[in-house]
Structures are given as C-alpha cells and as structure tokens.
Amino acid sequence: MTISTSSQITPTASQDPKTAFASIRCLVEEETAAVDRLILRELSSDVLLINQIGRYIVNSGGKRLRPMLLLLVAKALQYRGQQHITLAAVIEFIHTATLLHDDVVDESTLRRGRNTVNALWGNAASVLVGDYLYSRSFELMVSVRNLRVMEILSRTTTAIAEGEVLQLLNCNNPATTEHKYLEVISRKTAILFSAAAQLATVLTGASEPIELALKDYGLHLGIAFQLIDDALDYMANPEELGKNLGDDLAEGKPTLPLIYAIEHGNAAQAAVLRNAIENGDRDAFREVYEIVESTDAIAYTARRAREEADKAVELLSVLPASEYKDALVRLAHLSVERSY
C-alpha cells in the first residue's frame with residue numbers, strides 16, 4: 001500500500017499549535033465523526049436527565065485527544081476493521097465519567113469555558129451520570145468480545161480510581177514529593193492515554209514489542225500532557241484555558257510547580273507555599289505565582305514535560321513510516337507546545 005507523505009501535518013512558521021492539532025485531526029476525520037455518532041447514540045436514554053446532561057457534555061467541546069490517539073495508532077498499524085470506533089467511544093466515555101466525578105470532588109464550577117455539570121444540575125446528578133457513562137462504556141467494551149480488551153480497560157479503570165484516591169491523600173499536603181506526584185498523574189491521567197494506544201495494538205494483533213512500546217508511548221504522552229496542565233494553571237489565559245487560574249491551588253493540590261518551588265525557594269517562600277497548599281488559599285495566588293516564577297518552577301515543569309514527550313517520540317521507532325506515525329510524533333510535541 002502506498003502511504004502519502006506527512007506534509008499536511010508538518011508545522012510551518014505560521015502554524016500555531018491549534019492549527020497543527022486540527023491538521024492531525026483531519027487524518028482521522030471520518031473515524032472521529034463515526035465516534036461522535038456512536039457516542040450520541042449510546043447516550044440516548046428514556047431518562048430525560050441523562051439525555052439533557054449527555055447532550056450538554058457532547059456539545060461542551062474538548063479535544064477528544066484520547067480517542068484520537070487510539071484512532072491514529074490503529075491507522076498507523078493499518079487496521080481495517082471497525083472496532084477501533086467502538087473502543088474510541090469507550091475511552092471517551094471513561095474520560096468523561098472521570099471528569100464528572102473530578103468536578104464534584106474538586107467542587108469545580110468551570111470546565112472548557114462552560115459551567116460544569118455539577119454547577120448546573122448538582123453533585124448527585126453529576127456523580128450518577130458519571131456512573132451511567134462508566135456502565136455504558138463497559139457495555140460497549142463487552143460488545144468487542146475480546147478478553148484482552150476487557151483486561152486492559154478493567155485494569156485501567158482500577159488504576160484511575162487508585163490515582164483519584166492518591167490525589168485526595170496528597171491534597172493539602174505540602175510534603176508531597178515529585179515522585180509521589182508523578183505516581184498520581186501516571187495513574188489518574190496518563191493511564192488512559194496508555195490504554196488508548198495499547199488497545200489499538202491489540203485490535204491489530206501487533207507483536208508484543210510494538211504493543212509495549214505504544215503502551216509506554218501513551219503513558220509518557222499523558223504525563224507530558226498533565227505536566228503542561230500544571231504549568232498552565234500559573235501562566236495561561238483563563239479564557240483560552242477554559243478554567244479559572246489558581247484552581248489547583250484553591251483545591252490544595254501540590255502540583256509540580258509548587259513542589260519544585262518549595263524545594264528551591266528560600267525558607268520564607270517555602271512557608272508561604274506550604275500555608276497556601278494546606279489552606280487551599282486562592283487569595284494567595286498572586287504571591288504564590290511570583291514565588292513559582294522566581295524559582296523557575298514553571299520552566300522546570302515545562303522541561304520535565306518535554307523530557308516525557310521526547311521519551312514518547314523515541315518509542316515510535318517501532319512503527320513503519322507513515323503520515324499517522326508522523327502525526328503521533330507531532331502530537332507528542334504539541335502536548336508541550338499548547339497554551340490550553
């Protein structure tokens with residue numbers, strides 16, 4: 001089979017990350033549309049509130065990054081079936097369910113520039129619809145009739161739950177180390193990226209070395225993505241980011257910029273940061289930001305994210321040359337170049 005070149009996704013001097021991301025999405029445009037149709041169909045219920053919230057979630061935007069990752073890996077491995085559509089929808093359902101639960105735990109009111117479900121319908125509705133999405137995801141994954149798929153997704157949802165609990169234990173704890181924080185984001189965030197990439201290799205019957213490499217690619221990509229999220233909480237445009245700056249601080253989350261600043265600031269600076277984490281003090285955001293900036297904590301976090309992205313790119317050497325492989329490379333770079 002002749003594979004076209006990757007010129008359409010190669011960044012130019014005038015191509016910003018949003019444009020480059022859109023170019024990558026175009027490679028799986030038909031598949032993404034099929035995933036969206038499946039999501040809408042599977043969200044249909046005779047319970048009115050589920051339909052209302054389901055439509056609100058679908059229309060709230062989002063990058064659909066995790067399902068797109070699965071689709072790109074499947075295309076890179078020349079998959080010819082239709083089950084990648086089903087599993088991409090499963091991944092998005094699981095991701096959305098975690099967001100609904102996260103917003104309740106974090107008492108968030110804004111996501112992607114819109115009111116959260118819990119802000120509009122209350123915590124109970126948000127939790128229950130999140131449970132519904134988990135249930136629908138398991139119904140869909142069973143329809144694939146592949147035990148390895150069930151094994152991967154079951155392990156993934158367990159790891160996500162463990163990551164949520166670990167994060168809860170770390171909240172308001174200024175003694176959290178970088179190692180402990182990386183453990184949290186590996187389980188809570190990166191594991192779903194990893195599962196998305198790995199599932200595509202299982203569908204294609206790829207060899208074990210390829211499966212393991214793409215599994216690790218997704219993990220490193222997910223870590224890079226979350227680390228940049230940490231940095232953006234202290235430097236992004238709130239309208240572009242789609243949430244309030246300082247949300248992590250207000251929730252008492254000791255993210256990597258804070259952890260690094262505590263370790264590298266002077267005693268007075270460290271005391272301010274510890275107090276802000278312990279009390280979830282959004283009012284201290286300006287002072288905290290100045291400390292984080294002065295200790296180069298944002299630059300350090302971005303550098304760590306680039307290291308993870310570089311590891312992800314190296315793992316793609318197992319794939320044959322194609323525009324889809326090039327897109328996966330670019331996706332890793334975009335994970336650290338974005339501003340939203």
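Colleague: Is arginine 304 buried or exposed, and what is its relative accessible area?

Modeller: The model discussed here is predicted. Buried means under 20% relative accessible area. Arginine 304 falls under that limit and is therefore buried, with a relative accessible area of 10%.

Colleague: With which residue does arginine 304 form a salt bridge in which the closest N and O atoms are 3.0 Å apart?

Modeller: The partner sits three residues away in helix H16 (residues 297–315), so the two are separated by about one helical turn. At 36% relative accessibility, this partner counts as partly exposed. With its closest N and O atoms 3.0 Å apart, the salt bridge of arginine 304 is formed with glutamate 307.

Colleague: Which residues do salt bridges that share partners join into one network with Arg304?

Modeller: Arginine 304 and glutamate 307 form a salt bridge. Through shared partners, salt bridges join Arg304 into one network with Glu178, Glu307, Glu308 and Lys311.

Colleague: How many salt bridges does the count come to?

Modeller: A pair is counted when a side-chain nitrogen of Lys or Arg lies within 4 Å of a carboxyl oxygen of Asp or Glu. By this rule, the count of salt bridges comes to 17.

Colleague: Which residue forms a salt bridge with aspartate 36?

Modeller: The closest N and O atoms of this pair are 3.2 Å apart. The pair links distant parts of the chain, 28 residues apart: aspartate 36 lies in helix H2 (residues 29–42), and its partner in the loop between helix H3 (48–58) and helix H4 (65–76). Aspartate 36 is partly exposed, at a relative accessible area of 28%, whereas the partner counts as buried at 13% relative accessibility. The residue that forms the salt bridge with aspartate 36 is arginine 64.

Colleague: Which residue forms a salt bridge with aspartate 102?

Modeller: The closest N and O atoms of the pair are 3.2 Å apart. The two residues link distant parts of the chain, aspartate 102 in helix H5 and its partner in helix H9 (residues 178–204), 86 residues apart. Both aspartate 102 and its partner are buried. The partner of aspartate 102 is lysine 188.

Colleague: Which residues that line the second largest pocket are the closest to its centre?

Modeller: About 220 Å³ of space lies in this pocket. Its lining consists of 14 residues, and the closest to its centre are His101, Asp102, Val105, Glu164 and Gln167.

Colleague: Which helix supplies the largest share of the lining of the second largest pocket?

Modeller: Helix H5 (83–106) and helix H8 (147–170) each supply at least two residues of the lining. By type, the lining divides into seven nonpolar, three polar and four charged residues. The largest share, six residues, comes from H5.

Colleague: What is the phi of glutamine 78?

Modeller: Most residues other than glycine have a negative phi. Glutamine 78 has a positive value instead. This residue lies in the loop between H4 and H5 and is partly exposed, with a relative accessible area of 37%. Phi of glutamine 78 is near 60 degrees.

Colleague: What is the phi of arginine 145, and where is this residue found?

Modeller: Arginine 145 counts as exposed, at 77% relative accessibility. Its phi is positive, near 55 degrees. Arginine 145 is found in the loop between helix H7 (123–143) and H8.

Colleague: Why is the pair of tyrosine 260 and tyrosine 300 classed as stacked?

Modeller: The structure holds five aromatic pairs. In the pair of tyrosine 260 and tyrosine 300, the ring centres are 4.1 Å apart. Planes under 30 degrees apart count as stacked. The pair is stacked because its planes lie at 15 degrees.

Colleague: Are tyrosine 260 and tyrosine 300 buried or exposed?

Modeller: The two residues link distant parts of the chain, tyrosine 260 in helix H13 (residues 256–264) and tyrosine 300 in helix H16, 40 residues apart. Tyrosine 260 has a relative accessibility of 14% and counts as buried. Tyrosine 300, with a relative accessible area of 14%, is buried.

Colleague: Over the ring of which residue does the charged end of arginine 338 sit?

Modeller: The charged end lies 3.7 Å from the ring centre. The ring under arginine 338 is that of phenylalanine 225.

Methods: Residues numbered from 1 in each chain as written. Predicted model: local features only at pLDDT ≥ 70, side-chain atom pairs only at ≥ 80, totals over all residues. Heavy atoms only, no water. 1 Å grid on protein atoms, 1.4 Å probe; cavity = no way out; pocket = protein on both sides within 12 Å on 5 of 7 lines; lining within 4 Å. Points joined across faces, edges and corners; volume = space filled by probe spheres on them. Helix = DSSP H or I, 4+ residues; strand = E, 2+ residues; numbered from the N terminus. Nonpolar A, V, L, I, M, F, W, Y, C, P; charged D, E, K, R; others polar. Buried < 20%, exposed > 50% of the residue type's maximum accessible area, 1.4 Å probe, protein only. Phe/Tyr/Trp six-rings, centres within 6.5 Å; stacked < 30°, edge-to-face > 60°. Lys NZ or Arg CZ within 6 Å of the ring centre and 35° of its normal.
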